[in-house]
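Grab a pencil and work through these exercises with the model open beside you. Each task comes with a step-by-step solution.

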Amino acid sequence: MTIKKILTLPDPILRKKSSNVVDVDNDLRQLMDDMLQTMYDAPGIGLAAIQIGVPKRVVVMDLAKNDEKKNPMYFINPEIIWKSEEKSSYEEGCLSIPNQFAKIERAEKCNVKYLDYNGNKKKIEATGLLSTCLQHEIDHLNGILFIDYLSKLKKDNIIKKVVKSKKELERVVV
Ligand code: NI
């Protein structure tokens, strides 16, 4: 397993729409293993393949708390087939938008169909944090970021902060 570089704002690749996976083979499983390792290392609770520059509809997630046993989840070609009218809000962050958080309202429940690690068809009824994470990650596959739900002012402000801290970091490295 390899830890990959996570792309951050304003990398235009993050805005690309990812393509469906055709074959769930060992190469794809290798990609998912690398994604999981990269996510744990970051650390984060969800990662879409596009965040490491691979435009495939693949998401990994692990919502286990620090003191709980690891619970890796893999979603290939995930598709929301139903969303509840009721909403819930979470303070969201994103590994591609480091150190920035905003309260985002999303459907409290959603049903998602997908293929699992072995390519089997699955369906999940998600609520709460899992529902929010799935919607956040599936957005990534469509080139959408959580800041897109904010006012232009708040969005521009976050982009500016991320770009500025990246420049400062580069200066230290150089
Ligand atoms: Ni994200």
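A ground rule for the strand exercise: two strands pair if DSSP finds at least two bridges between them. Strands (E, at least two residues) and helices (H or I, at least four) are DSSP runs, numbered from the N terminus. This is a predicted model, so local features need pLDDT of at least 70 and side-chain atom pairs 80 or more, while totals for chains, interfaces and linings use all residues. Residues are numbered from 1 along each chain as its sequence is written, and side-chain values use heavy atoms, with hydrogens and water left out.

**Exercise 1. Trace the open sheet from edge to edge.**

Step 1: Write down the order, which is S1-S2-S3-S6-S7 for these 5 strands, with antiparallel pairing. The edges are strand S1 (46-48) and strand S7 (121-127), each pairing on one side only.

Step 2: Go to S2 (residues 58-61) and S3 (residues 73-83), which share 4 bridges. Here Val59 sits opposite Phe75 of S3.

Step 3: Move on to S3 and S6, an antiparallel pair with 5 bridges. Trp82 faces Asn111 in S6.

Step 4: Finish with S6 and S7, joined over 7 bridges. Asn111 turns up again, standing opposite Glu125 in S7. In the hairpin of these two strands, with 5 residues between them, Gly119 has a positive phi near 85 degrees.

**Exercise 2. Find the protein donors of the nickel ion and place them in the fold.**

Step 1: Look for donors (N, O and S atoms within 2.8 Å of the metal; 3.2 Å for Na, K and Ca; water is not among the atoms, so sites may look incomplete). You'll get Cys94 (SG), His136 (NE2) and His140 (NE2), 2.1 to 2.3 Å from the ion.

Step 2: Read off the spacing, C-x41-H-x3-H. Cys94 is in strand S4 (residues 87-94) and His136 in helix H2 (residues 128-141), so this pair ties together parts 42 residues apart in sequence.

Step 3: Check burial (buried is under 20% relative accessible area, exposed over 50%, partly exposed in between, with a 1.4 Å probe and protein chains only). Cys94 counts as buried at 10%, and His136 is buried at 8%.

**Exercise 3. Which element gives the most to the lining of the largest pocket?**

Step 1: Set the terms: on a 1 Å grid over the protein atoms alone, a pocket is an open set of points with protein on both sides within 12 Å along at least five of seven lines, and lining residues have an atom within 4 Å of a point.

Step 2: Among the 22 lining residues, those closest to the centre include Cys94 and His136.

Step 3: S4, strand S5 (97-107) and H2 each supply at least two lining residues. H2 wins, with 6 residues.

Conventions:
On a 1 Å grid over the protein atoms alone, a cavity is a set of points where a 1.4 Å probe fits but cannot get out, and a pocket is an open set with protein on both sides within 12 Å along at least five of seven lines; lining residues have an atom within 4 Å of a point.
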